[in-house]
Amino acid sequence: MLASDYTTSQLDVLEAEAIHIMREVAAEFERPGLLFSGGKDSIVMVRIAEKAFWPAPIPFPLMHVDTGHNFPEVIDFRDRRVAELGARLVVASVQDSIDAGRVVEETGRRASRNRLQTTTLLDAIEENEFDAVFGGARRDEEKARAKERVFSFRDDFGQWDPKNQRPELWNLYNARIRKGEHIRVFPLSNWTELDIWDYIRREEIEIPSIYYAHTRTVFERDGMLLADSEVVSRGEDEPTFETVVRYRTVGDMTCTGAVQSNATTVEQIIAEIAATRITERGATRADDRASEAAMEDRKKEGYF
């Protein structure tokens with residue numbers, strides 16, 4: 001008799017949990033949406049959504065909060081992937097928020113639109129009447145995220161209050177909200193950066209080219225390598241140079257740093273991450289380096 005192996009791998013367990021969460025949201029909420037930036041975490045979320053509802057199409061729209069300062073490679077990938085899925089993409093534009101007077105553009109060398117996304121996101125949630133929004137946050141990213149529930153309650157101002165979060169016993173989630181409130185849902189909460197890359201390898205998922213090592217013109221600021229771009233303000237004391245880099249995370253170009261790397265395959269990236277002792281946000285996000293409370297402040301404002 002042939003021996004059967006019923007062992008479930010860690011990735012299988014994480015995937016099953018995420019699929020269960022997505023199906024729970026589809027059953028409990030009227031108008032969910034999924035934040036899709038073209039970054040690796042949201043790409044994995046989309047793959048899981050495909051599996052959760054196959055052979056039916058993904059039953060909710062994808063949404064991207066576009067600062068207008070995103071990496072072109074990522075925007076191109078986003079549009080191509082959405083077209084492949086046949087999904088509806090809602091683009092919430094920070095530039096539109098600026099033009100409407102909802103937010104004020106920052107000025108100076110360190111100007112960024114990253115924090116301005118909060119107002120744009122909350123306006124888009126209200127306009128589209130989303131009562132649940134999937135996000136790709138993971139608890140391993142930094143301390144504020146480690147406090148996060150899978151179903152993260154947001155009040156009618158879109159704010160997160162750690163004292164107002166609901167208990168989550170086993171795999172039971174409380175989806176009750178009043179009109180104007182919503183839930184941020186994080187199906188990848190229990191994943192790590194290494195899990196994400198292991199899953200990308202196993203599923204053979206395509207990702208934007210900037211995740212792999214490539215030659216780019218950059219400049220150094222506060223120990224980080226920022227891309228030389230017309231949307232990034234650079235001082236005369238910040239000379240540019242060419243080097244081989246890749247991105248561990250992607251976001252607004254003004255505050256997302258590259259890391260020096262020669263990793264050109266998923267296997268090489270996995271080996272690189274396994275050896276590092278610095279989180280991806282600590283290594284590559286200028287806005288999250290300001291203090292340990294920086295991310296928690298943004299969560300309370302309503303962005304994450």
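The domain bounds used on this tour come from an automatic or database domain assignment, and the model in your viewer is a predicted one.

**The two domains**

Begin by colouring domain 1, which covers 10-196 + 293-301, and then give another colour to domain 2, which covers 207-289. If you mark the C-alpha centre of each, you will find that the centres of domain 1 and domain 2 lie 23 Å apart. The contact where they meet takes 28 residues from domain 1 and 33 residues from domain 2.

**Helix α2 and the loop after it**

Next select residues 40-53, which form helix α2. This helix has 14 residues and reaches 20 Å from its first C-alpha to its last, close to the 20 Å expected at 1.5 Å a residue. How many of the 14 residues of α2 are buried? Twelve of them are, so that the helix is mostly covered, and if you colour the buried residues you will pick out K40, D41, S42, I43, V44, M45, V46, R47, I48, A49, A52 and F53.

Continue along the chain to W54 and P55, where the peptide bond joining the two is cis, with omega near 5°. P55 itself is found in the loop between α2 and β2, the latter being residues 62-66.

**Where α2 meets α3**

Keep α2 on display and add helix α3, residues 72-85, which packs against α2 at an angle of about 0°, with the two axes 12 Å apart. Because an angle under 35 degrees counts as roughly parallel, α2 is described as roughly parallel to α3. Now show the side chains of I43, V46 and E50 in α2 together with those of F77, R81 and L85 in α3, since these are the residues that meet. By kind, the residues of this contact divide into four nonpolar, no polar and two charged. As you look along the helices, it may help to recall that an α-helix has 3.6 residues a turn, so residues three or four places apart point the same way.

**Helix α5 and E129**

Move on to helix α5, residues 117-128, whose twelve residues should span 16 Å at 1.5 Å a residue; its end C-alpha atoms are 16 Å apart, which agrees with that expectation. Within α5 the buried residues to highlight are Q117, T118, T120, L121, L122, A124, I125 and N128.

Directly after α5 comes E129, which lies in the loop between α5 and β4, residues 132-134. The phi of E129 is near 55°, a positive value in a residue other than glycine. Is E129 buried or exposed? The answer lies in between, because its relative accessibility of 49% makes E129 count as partly exposed.

**D222, between two strands**

Now select D222, which is found in the loop between β7, residues 214-221, and β8, residues 224-227. D222 also has a positive phi, of about 55°, although it is not a glycine. At 53% relative accessibility, D222 counts as exposed, because exposed means over 50%.

**Last stop: E280**

Finally, select E280, whose place is in helix α9, residues 280-284. E280 has a relative accessible area of 3% and is therefore buried. To end the tour, draw a line from the C-alpha of E280 to the C-alpha of A87: the two residues are 193 residues apart in sequence and 29 Å apart in space.

Key. Residues numbered from 1 in each chain as written. Predicted model: local features only at pLDDT ≥ 70, side-chain atom pairs only at ≥ 80, totals over all residues. Heavy atoms only, no water. Helix = DSSP H or I, 4+ residues; strand = E, 2+ residues; numbered from the N terminus. Expected span 1.5 Å × (residues − 1). Buried < 20%, exposed > 50% of the residue type's maximum accessible area, 1.4 Å probe, protein only. Axes fitted to C-alpha atoms, helices over the stretch in contact; angles between N-to-C directions. Parallel < 35°, antiparallel > 145°, perpendicular 65-115°, else oblique. Contact = heavy atoms within 4.5 Å. Nonpolar A, V, L, I, M, F, W, Y, C, P; charged D, E, K, R; others polar.
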